[in-house]
Amino acid sequence: DFGGIWNLAGSGTEPPLYLFLLKIWAHVFGHADFVLRIMSAMFGALTILVAYLWIKYKHGATAAIIGAFLLAITPFFVRAGQEIGAITLVTFIVVAASFTLQIALDTKSKIWWAIYAIFVTAGLWVSYYCGLAWLAHLVYLAKSLGKKVWQKQIILAYVAAIALWLPWMTGLRSQINTT
């Protein structure tokens, strides 16, 4: 059950969102290894699609085709898409968040900042390593915007993401205490 997953994740090394998604996936599609691996392949395919759209947005269709192709044939990424694990989900979240951040900066639309906050939150609920990507985003924002980095939308996006992640603090404390 989800409570058991919460407790299991609390004694492990990562937050529980991937395990929650895998449980739902298994409930809908079955528990066979092949079926469980399809979820990773799906997030891998979604990552390639989002990477294509992001590259096309910034550099045009030719660059997007080349970039998506190179991602699709990267041995590590191909392997991750064949395993039961969170690597492709983490990659999808980081690529989608990065693309969303670019759109939010270009459009200055509150909805894109809200979507970005959702991706940041999801990343934190899947892997602590996503925090490194969000720090990289902050460095990018500080470097490209200077003092304007403290704009209301940016601060609200990160505050919202942290607030939505706070329920996991008990699990994080448990993980720290068990390691």
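**A walk outward from H137**

H137 sits in helix 8, which covers residues 130-145. The model is predicted. H137 counts as buried, because its relative accessibility is 9% and the cut-off for burial is under 20%. Which residues does H137 touch, leaving out those up to four places away in sequence? They are A97, S98, L101, Y116 and Y158. Two of these contacts, Y116 and Y158, are good places to go next.

Start with the aromatic residues. Across the whole structure, a search finds eleven aromatic pairs. One of them joins W113 and Y116: the ring centres are 5.9 Å apart and the planes stand at 90°, so this pair is edge-to-face. The cut-off for that label is an angle over 60 degrees. W113 and Y116 both lie in helix 7, residues 110-126. They are three residues apart there, so about one helical turn separates them. Buried or exposed? Both W113 and Y116 are buried.

Y116 also pairs with Y158. Here the ring centres are 5.7 Å apart and the planes make an angle of 70°, so this pair too is edge-to-face. This pair links distant parts of the chain. Y116 belongs to helix 7, while Y158 belongs to helix 9, residues 152-165. Along the sequence, 42 residues separate them. Y116 has a relative accessible area of 1%, so it is buried. For Y158 the value is 11%, and Y158 is therefore buried as well. W113, Y116 and Y158 join W134 in one aromatic cluster. H137 touches two members of this cluster, as its contacts include Y116 and Y158.

Now widen the view to the nonpolar core. The largest one holds 46 residues. Which of its residues touch the most other members? They are F92, I93, W113, Y116, W134 and L141. Helix 2 (17-29), helix 3 (33-59), helix 6 (87-107), helix 7, helix 8 and helix 9 each give two or more residues to this core. Helix 6 gives the most, with twelve residues. L141 is one of the well-connected members named above. With residues up to four places away set aside, L141 touches L101, L105, G146, V149, I154 and Y158. L101 and Y158 are also among the contacts of H137.

L124 gives another view of helix 7, where it is found. Its relative accessible area is 14%, so L124 is buried. L124 touches P15, C130, G131, W134 and W165, again not counting residues up to four places away. W134 deserves a second look here, as it belongs to the aromatic cluster. How far apart are L124 and W134 in sequence and in space? They are ten residues apart in sequence, and 9.3 Å apart from C-alpha to C-alpha.

Next comes Y57, in helix 3. Y57 has a relative accessible area of 39%, so it counts as partly exposed. Beyond residues up to four places away in sequence, Y57 touches F99, Q102, I103 and D106. With D106, the side chain of Y57 makes a polar contact of 2.6 Å. W25 lies elsewhere. The C-alpha atoms of Y57 and W25 are separated by 32 Å, and the two residues are 32 residues apart along the chain.

Charged side chains come next. Side chains of opposite charge can pair when their charged atoms come close. How many salt bridges does a search of the whole structure find? The search finds one. The side chains of E83 and R79 meet in a salt bridge, with a distance of 2.5 Å from N to O. E83 is partly exposed, because its relative accessibility is 29%. R79, at 51%, counts as exposed, because the cut-off for that label is over 50%.

Finally, step back to the whole fold. The protein chain has ten helices and zero strands. Its pattern along the sequence reads α-α-α-α-α-α-α-α-α-α. The C-alpha trace spans about 45 × 40 × 25 Å along its principal axes. With 179 residues, a compact globule would have a radius of gyration near 16 Å, and the chain has 17 Å, which agrees. Of the 179 residues, 39% count as buried. Among contacts with a separation of 6 or more, 62% come from residues 24 or more positions apart.

How values were computed: Residues are numbered from 1 along each chain as its sequence is written. This is a predicted model: local features need pLDDT of at least 70, side-chain atom pairs count only at pLDDT 80 or more; totals for chains, interfaces and linings use all residues. Side-chain values use heavy atoms; hydrogens and water are left out. Rings of Phe, Tyr and Trp (its six-membered ring) pair if their centres lie within 6.5 Å; planes under 30 degrees apart count as stacked, over 60 as edge-to-face and the rest as tilted. Helices (H or I, at least four residues) and strands (E, at least two) are DSSP runs, numbered from the N terminus. Buried means under 20% relative accessible area, exposed over 50%, partly exposed in between (1.4 Å probe, protein chains only). Contact means heavy atoms within 4.5 Å. A nonpolar core is a set of buried Ala, Val, Leu, Ile, Met, Phe, Trp, Tyr and Cys residues joined through side-chain atoms within 4.5 Å. A polar contact is a pair of N or O atoms within 3.5 Å; within protein, one must be able to donate a hydrogen and the other to accept it, and residues adjacent in sequence count only if both atoms are side-chain atoms. A salt bridge is a side-chain nitrogen of Lys or Arg within 4 Å of a carboxyl oxygen of Asp or Glu. The radius of gyration is taken over C-alpha atoms; the globule rule is 2.2 Å times the number of residues to the power 0.38.
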